[in-house]
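Trainee: I would like to go through this model step by step. Please show me the sequence and the structure before we start.

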Amino acid sequence: MPQFQNAQALIIGGSGGIGLAIVQQLLTDARFERVYATYRDRDRAMALLNLAATEPKLTCLPCDPTAEAQIIATVEKIQQQTDRLHLVLNCVGTLHDRDRQPPLSPEKSLRHIDREQLLHYFDINAIPSVVWAKHAQILLKHPDNSVFATISAKVGSIEDNHLGGWYGYRASKAALNMFLKTIAIEFSRTRQNAIVVALHPGTTDTALSQPFQGNVPPGKLFTPQYTAACLLRVIDQLTPQDNGAFFAWNGDQLPW
Ligand SMILES: NC(=O)c1ccc[n+]([C@@H]2O[C@H](COP(=O)([O-])OP(=O)(O)OC[C@H]3O[C@@H](n4cnc5c(N)ncnc54)[C@H](OP(=O)(O)O)[C@@H]3O)[C@@H](O)[C@H]2O)c1
């Protein structure tokens, strides 16, 4: 399971560290005949766009994940080429952003709570997946197996929260997890061949983790390539019983 064959994938956020590594691995996977990848900004997506220049299997589509009209337009573009997707994987997420005004930085304590910053975390980390599900579900209504997944984070687990801090990031990932669980329940009624999961990638050497890598024990910082391979292996091993679950990179099921 899910026995991908002549499969078509959509990677949302194909320009990011993990997203790009996922795209690269799907391009070498003969079971996938087409890979769609979205990006928000041309200048930040040059590695992805350069890949498309030499990879006929790859179609890059500009899309701001916070703009519903752009998500609708992107789905319409995909529908012009196919009536079905077998893997939809959202790799968009934010933890810090120095270019934002004011800069985005995870809260260490209550005194750092800022309403606009909290809204931004939810806007990027939680809401896009459910809006994507609303519009992409039409491409998941087919008799083949399919997977709708989003990269979440273990720190979004309420049960696993022993350290505190990072209010906005944690809460936005917890909200994402609730969206995914709820989509899974709706799909179990309307799209029985679709499996919906949240995925934790493990600490991975990307721009997102870069300022926090000092605390990572030796050998525990994964390359994006390793993480992508692990996540794709987890996806490959999903069964219908896994619908609505939260998995780590190594296949362990995580508590919500
Ligand atoms: N790296 C880790 O250790 C780690 C651990 C746990 C969970 N995660 C999760 O893994 C996912 C992928 O992260 P990554 O490590 O690959 O980080 P990354 O390299 O920073 O990629 C983040 C992705 O999100 C997009 N993005 C960020 N801010 C955005 C905004 N304001 N508007 C629109 N798009 C935005 C980025 O677009 P641009 O390319 O245009 O910037 C990029 O596609 C995220 O959901 C993250 O929370 C990562």
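**Contacts, helices and backbone**

Mentor: A polar atom of the Thr182 side chain lies 2.7 Å from the backbone oxygen of Met178. A polar contact here is a pair of N or O atoms within 3.5 Å; within protein, one must be able to donate a hydrogen and the other to accept it, and residues adjacent in sequence count only if both atoms are side-chain atoms. The model is predicted, so local features need pLDDT of at least 70 and side-chain atom pairs pLDDT 80 or more, while totals for chains, interfaces and linings use all residues. Residues are numbered from 1 along each chain as its sequence is written, and side-chain values use heavy atoms, with hydrogens and water left out.

Trainee: Where is Thr182 placed, and how does its relative accessibility class it?

Mentor: Thr182 is in helix H5; helices (H or I, at least four residues) and strands (E, at least two) are DSSP runs, numbered from the N terminus. Buried means under 20% relative accessible area, exposed over 50%, and partly exposed in between (1.4 Å probe, protein chains only). At 44%, Thr182 is therefore partly exposed.

Trainee: Which helices each supply at least two residues of the shell around the ligand?

Mentor: The ligand is surrounded by 27 residues, where near means that a heavy atom of the residue lies within 4 Å. The closest are Ser15, Gly17, Arg40, Tyr169 and Thr206. The helices that each give at least two shell residues are H1 (17-27), H4 (115-136) and H5 (167-190).

Trainee: How many residues of that shell are charged?

Mentor: Ala, Val, Leu, Ile, Met, Phe, Trp, Tyr, Cys and Pro count as nonpolar, Asp, Glu, Lys and Arg as charged, and the others, Gly among them, as polar. By that division the shell has eleven nonpolar residues, 13 polar ones and, as charged residues, three.

Trainee: How far is a polar side-chain atom of Thr206 from an oxygen atom of the ligand?

Mentor: Backbone atoms also approach ligand oxygen atoms: a polar one of Gly16 is at 3.3 Å, and an N or O atom of Ile151 is at 3.4 Å. For the polar side-chain atom of Thr206, the distance to a ligand oxygen is 2.6 Å.

Trainee: Why do the buried residues of H3 lie on the same side of the helix?

Mentor: Helix H3 (residues 68-79) has twelve residues, and its end C-alpha atoms are 16 Å apart, which agrees with the 16 Å expected at 1.5 Å a residue; the expected span is 1.5 Å times one less than the number of residues. Its buried residues are Ile71, Thr74, Val75 and Ile78. They share a side because the arc they cover around the axis, taken from the directions from the helix axis to the C-beta atoms, is only 100 degrees.

Trainee: With which residue does the side chain of Thr82 make a polar contact?

Mentor: Thr82 is in the loop between H3 and strand S4 (87-90). Its relative accessibility is 8%, so Thr82 counts as buried. At 3.0 Å, the side-chain partner of Thr82 is Gln8.

Trainee: Is Asn6 buried or exposed?

Mentor: Asn6 is in the segment before strand S1 (7-12). Its phi is positive, about 45 degrees, although Asn6 is not a glycine. Since the relative accessibility of Asn6 is 53%, it counts as exposed.
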